Amino acid sequence: MTEIIASSGANGSHAIVSPERLKELVRRKLRYMLGESGNDLTPDHLFQAIALAIRDVLVDGMFATQEQYNAQDAKRLYYLSMEFLIGRSLSNSLNNLNLMDICREAVESFGLTLEDALEAESDAALGNGGLGRLAACFLDSLATLGMPGFGYGINYEYGLFRQEIDNGYQVEKPDSWRAYGTPWQIERPSEAVIVPLYGRIEHGLDRLGHYNPMWMDWKVLIGVPADMPVVGYGGKTVNYLRLYSARSSQDFDMNIFNMGDYIKAVEQKIASETISKVLYPSDAVVQGRELRLVQEYFLVACALRDIIRVYQSSHDDFADFAQHVAIQLNDTHPALMVAELMRFLIDEEEMFWDDAWKITQAALGYTNHTLMPEALEKWPMALVEYVLPRHLQIILEINRRFMDAATKVRSGDAGFLSRLSLIEEGPEKKVRMANLAIVGSHSVNGVSALHSNLLKTTLAADFVVMFPNRFNNKTNGVTQRRWLLNANPWLAKLITKTIGDKWTTDLSALRQLEDYLDDFAFQQEFAAAKRANKDRLAKRIHDQLRINVSPDALFDIQVKRFHEYKRQLLNLMHIVHLYLSIVEDGATLESPRVFVFAGKAAPGYWAAKAIIKLINSVGATINNDKRVGDQLRVCFLPDYRVSLAEVIIPAANISEQISTAGTEASGTGNMKFQLNGALTMGTLDGANVEIEEEVGPENIYIFGLRTPEVQRMQRDRSYQPWTYLEDSRISRVMAAIAGGRFSPKEPSLFRGIHDSIMGGDPYFLLGDLASYIDMQAQASHEYNDGDLWTRKSILNVARAGKFSSDRTIQDYANDIWETKSIIK
């Protein structure tokens, strides 16, 4: 790392140059790359200049890291994901390079602060929810642990959408995060790859008389990569995230153009480049479904061609491919990698099927993230045949051989074979992508102990019969560098002052904080750090929503993607209960409350969007009712993203993790909140189970039905929501929602929400509401005992060590990938 950080010594430690040197580098970037004199400097110009200077450091680090990997012929891990929710990169890079304070001093003379520059950076809109954020945490941990690990994704021009709230309704606006470019991406046009699509199969024989199908007349896409450097803590390792943009084939376009059909040539170019335009196009129409499928294959095809390019640079044949390459499929979106790798080995390398299959299974691992039926991808077989005719042939052959093997295990059991099949029968046959991923991988993991057990006993129970040793658990984690060091500098500095900085790379070191549980001075500083974060969030709420909130109140926060199973509606029902207690019963709340919501609903998910509207309507009613006073506030912060989460999460007193038991695979928001000293209000679902095991039942608020109870009532259909109306608290809440109390101008506006609950309540809202209200009352009582609450909060932080993504990655490396750290 030549310009800012100079390597010193065999151990790879780094000496950092002065702020004066960094200031000169920033000045040169302003002048010679941005064309700015430095006068009348904007925060965006300063951000761009600092980022370009830091990128130079990262590029040098990338080269040095690759040299180490090549010298040791290290096994490499390739992580394929449709999402990488990176957030902002500058602050994270400065922290990981230990350059934050030096950079702050270096930019003083420019008339702006470093904070001005940091706030000017747009979030990289490359993901939506926990799936993408987990992938980003994993990249940080891979680099910090010094492991050869690289991400592959799509370089979306537009994110999911930018959320605005208009009259309480979610409104979707384009999220053009790269409209003015990004300093972090390094385009690699010389490493572009060809991606074939569509076409037909010509059936023929090879020279030995064996069946030799030929994929003919396919259309061509070009995948152009751009790399985003990912630096590990301490700067010793710099890996990268490789993102592909779709471009049309120049040759193909010129052919049409030269034939005189200029409009068609332009249309073809536009259609081709649509593939990397937007994250998750709507699949409500045929064209949207086709685009989604093409996106998934585009990712897989680009990634494999690049993986093969790297592999062939130092290896002559593919016999040892799986000894040097591990490919992890993050959910079912990249499951076509099973067919694509088989296609490459058979069609291009001319391998026998059995040899190719052994290599494919040995190289691939699959992470399942959900048991929800609607989230398990199934593609119409006719669509797969239209877009990828050769791949469907291979999938059908995989299925034929698998069905033969399954028949030998349970001959005559039609139900067993039907559940295992890669093809779902029916009026429209469909390809089951989860089944394809399970059959084509050597490892299948869940993401929490509960989820992995449910995976083996429900969704994949039949596959466990076929592959008893294939399934395992890898409980998710989060990177403490992003979610504590970067997001919560007040608490991070206190922890480092108290126990040292080992926790930045070994989160289990936080256990030492238990020695300070009863230390009055530490308790006071810990409470002051929480107060600073609450002050910051209160200011954000006022600036954005014009709502005044007291930092003395209990901050009760639920921020996550909107889905009925995540039960933002249950949270809101409790809020309505508190409101009615104040205005109808004359009650005074034991602890004033500020409820904060944030999150997006999918554009076509009307039930979730109706809940957002209800939250905003309830909030407007409560926040403007003088009878409430300062006892209760409800705030919905729009456009939830990583940079907003970094402000919200450190301020929380209560973390709402209240999904219906048995529906949340893991959750990582729960871990981020715990790491920042919030107490979990939750069901025994996902990783909440393991959080309770770590912190103890007295330091977490667990309520509601357990998974076996939910499963029993689902099986025997014994759940009857109307029976819970016998509790007057519940019946009053339901009447308020149905009766137009929060929509006086449209009294029936929320009647549909009421009727959905009373007509079945598939997520057991009424079944859990009484228990939830009671547990919330206990939390309010304990919050009033400041010393008790602070002690519990400290203990939650001290016992967060298990939930580092460093631990998760080390488990993957040991048990699945067989990769090792290359840090010297």
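This passage describes a parallel sheet, several helix packings and three buried residues in a predicted model.

Residues are numbered from 1 along each chain as its sequence is written, and side-chain values use heavy atoms, with hydrogens and water left out. Because the model is predicted, local features need pLDDT of at least 70 and side-chain atom pairs count only at pLDDT 80 or more, whereas totals for chains, interfaces and linings use all residues.

An open sheet is formed by six strands in the order β22-β21-β20-β23-β24-β25, with parallel pairing; helices (H or I, at least four residues) and strands (E, at least two) are DSSP runs numbered from the N terminus, and two strands pair if DSSP finds at least two bridges between them. The edges are occupied by β22 (632-636) and β25 (701-702), each of which has a single partner strand, so one side of each is left without a neighbour in the sheet. Helix α23 packs on this sheet and touches β21 and β22, its direction making about 145° with that of β22; here axes are lines fitted to C-alpha atoms, for helices over the stretch in contact, and angles run from 0 to 180 degrees between N-to-C directions.

Within the sheet, strand β20 (residues 554-559) runs parallel to strand β21 (residues 593-598) and is joined to it by six bridges, with V559 standing opposite A598 in β21. Strand β23 (residues 654-657) is likewise parallel to β24, through four bridges, and I654 stands opposite L679 in β24. From strand β24 (residues 679-682), L679 and M681 point one way while T680 and G682 point the other way, and all are buried, a term for under 20% relative accessible area, with exposed meaning over 50% and partly exposed in between (1.4 Å probe, protein chains only).

In helix α29 (residues 751-758), the residues I753, H754, I757 and M758 are buried. They cover an arc of only 130° around the axis, which puts them on the same side of α29; the arc is that of the directions from the helix axis to the C-beta atoms. An α-helix has 3.6 residues a turn, so residues three or four places apart point the same way. The buried residues of α29 pack against α22 (568-585), α23 (606-623), α28 (728-738) and α30 (765-783), where contact means heavy atoms within 4.5 Å.

A further packing brings together helix α6 (residues 130-144) and helix α32 (residues 805-817), at an angle of about 75° and with their axes 9 Å apart. That makes α6 roughly perpendicular to α32, since angles of 65 to 115 degrees count as roughly perpendicular, under 35 as roughly parallel, over 145 as roughly antiparallel and the rest as oblique. On the α6 side, C137, F138, S141 and L142 meet S805, D806, T808, I809, Y812 and W817 of α32. The residues of this contact divide into six nonpolar, three polar and one charged; Ala, Val, Leu, Ile, Met, Phe, Trp, Tyr, Cys and Pro count as nonpolar, Asp, Glu, Lys and Arg as charged, and the others, Gly among them, as polar.

Three single residues complete the description. H391, in helix α14 (residues 389-409), is buried with a relative accessible area of 0%. W379, in strand β15 (residues 378-380), is buried at 5% relative accessibility, and its C-alpha atom is separated by 10.0 Å from that of R292, 87 residues apart along the chain. H369, in the loop between β14 (364-367) and β15, is buried with a relative accessible area of 14%.
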